[in-house]
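Welcome! Take a moment to look over the sequence and the model, and then we will walk through them together.

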Amino acid sequence: MATIVVCSTSSLDQFFLLINGILVFFMQAGFAFLEAGTITSKNVTNILFKNYMDFIIGAISYFAVGYAFAYGTNSNDFIGNTGFFFIDTDYCQLAEWFFQFTFAATATTIISGAMAERTAVTGYIAYSIVVTGFVYPVVTYWVWSGNPWLLDEGYVDFAGSGVVHATGGTAALVGAYFVGPRNSVRIEGSKRLNPIPPHSIPFAALG
């Protein structure tokens, strides 16, 4: 006879998290349009592949360690340390996991746009794993977990502006600094940069 497990959160709460997670996930489509529209046509397939990798590789990384680092219990003030691979974690938290993962993927995709056309696929996959599995979850733990020491110090986060966008934006700034401008914008023998017209204005606007 099957065992019926009753979640502590209502079905309506689970539904709410899933629907909102799906809406956040659609930001990936927006990023894909924006990035595909603003780069050169020869690299469109490359950037779309990287956007897919954000979700696929990021999901594995966040499931394995990211969610545990972000929301693990019995933890210290820096990082969570329980719930790896969802072991000993209530399956009723799967809706919450999906909702939180979509934000982790968003933070990573911000970085891809800043370094478009000048990052190898292997390097991109590596930093996607690190950001979704460690960097973003640590910041999440500081603000949104059961032990939010940064929040206790008076920090105020509005709709993920700091946890998601500032984290992704800071990493994007550092990455863009190290990879430098695209080679195609350099004018040989000059310090001037040659502007590159967008591949598709409608794609960029839609994104």
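Which residues does Tyr62 touch, not counting residues up to four places away in sequence? The list is Tyr67, Ala70, Tyr71, Trp97, Gln100, Phe101, Ala104, Thr132, Tyr136 and Pro137. Please keep in mind as you read that this is a predicted model.

## The overall picture

The chain has 8 helices and 0 strands. Read from the N terminus on, its elements run α-α-α-α-α-α-α-α. There are 207 residues in the chain, and buried ones make up 42% of them.

How do distant parts of the sequence come into play? Among contacts in the chain with a separation of 6 or more, 68% are accounted for by residues 24 or more positions apart. On the outside, the chain exposes about 11600 Å², and carbon and sulfur atoms supply 69% of that area.

## The nonpolar cores

Tyr62 is a good place to begin on the inside. Together with Trp97 and Tyr136, Tyr62 is listed among the residues with the most contacts inside the largest nonpolar core, which has 26 residues. The elements giving two or more residues to this core are helix 3 (44-71), helix 4 (94-114), helix 5 (121-144) and helix 7 (161-179). Helix 4 provides the largest share, with 9 residues.

A second core, separate from the one above, has 5 residues. Ile39, Val44, Ile47 and Ala116 are included in it.

## Two neighbours in helix 4

Ser112 and Gly113 sit side by side in the numbering, so let us take them in turn.

Ser112 has its place in helix 4. Is Ser112 buried or exposed? Ser112 counts as buried because its relative accessibility is 2%, and the cut-off for buried is under 20%. Leaving aside neighbours within four places in sequence, Ser112 is in contact with Glu35, Ile47, Asn51, Asp54, Tyr124 and Tyr127. One of these, Ile47, is also included in the second core.

Gly113 lies in helix 4 too. With a relative accessible area of 34%, Gly113 is partly exposed. Gly113 and Leu34 are 79 residues apart in sequence, yet their C-alpha atoms are 8.5 Å apart in space.

## Helix 7 and what covers it

Helix 7 has 19 residues. From its first C-alpha to its last it reaches 25 Å, close to the 27 Å expected at 1.5 Å a residue. Which residues of helix 7 are buried? They are Gly162, Val163, Val164, Thr167, Gly168, Ala172 and Gly175. Helix 4 and helix 5 are included in what covers these buried residues.

Just before this helix in the chain comes a loop worth a visit. Tyr155 is found in the loop between helix 6 (149-152) and helix 7, and Tyr155 is partly exposed, with a relative accessible area of 28%. Beyond its neighbours within four places in sequence, Tyr155 is in contact with Val143, Leu150, Gly162 and Val163; of these, Gly162 and Val163 are buried residues of helix 7. Tyr155 and Trp142 are 13 residues apart along the chain, and 9.9 Å separates their C-alpha atoms.

## A nonpolar patch on the surface

Now for the outside. Leu12, Phe15, Ile19, Ile22, Leu23 and Phe26 form a nonpolar patch on the surface. Together they have about 630 Å² of accessible area.

Phe26 belongs to this patch and has its place in the loop between helix 1 (11-25) and helix 2 (27-38). Why does Phe26 count as exposed? Its relative accessible area is 53%, and exposed means over 50%.

## Backbone turns to look for

Most residues other than glycine have a negative phi. Which way does phi go at Phe86, positive or negative? Phe86 has a positive phi of about 60 degrees although it is not a glycine. This residue is in the loop between helix 3 and helix 4, and Phe86 is buried, with a relative accessible area of 11%.

Glu117 is another residue that is not a glycine and has a positive phi, here about 70 degrees. Its place is the loop between helix 4 and helix 5. Gly180, just after helix 7, takes a positive phi of about 75 degrees.

Notes
Residues are numbered from 1 along each chain as its sequence is written. This is a predicted model: local features need pLDDT of at least 70, side-chain atom pairs count only at pLDDT 80 or more; totals for chains, interfaces and linings use all residues. Side-chain values use heavy atoms; hydrogens and water are left out. A nonpolar core is a set of buried Ala, Val, Leu, Ile, Met, Phe, Trp, Tyr and Cys residues joined through side-chain atoms within 4.5 Å. Buried means under 20% relative accessible area, exposed over 50%, partly exposed in between (1.4 Å probe, protein chains only). Helices (H or I, at least four residues) and strands (E, at least two) are DSSP runs, numbered from the N terminus. Contact means heavy atoms within 4.5 Å. Patches are made of residues with over 30% relative accessible area and no salt bridge: like charges are joined within 9 Å, nonpolar side chains (Val, Leu, Ile, Met, Phe, Trp, Tyr) within 5 Å. Accessible areas come from the Shrake-Rupley method with a 1.4 Å probe; for residues, only the protein chains shown count as cover. A salt bridge is a side-chain nitrogen of Lys or Arg within 4 Å of a carboxyl oxygen of Asp or Glu. The expected span of a helix is 1.5 Å times one less than its number of residues.
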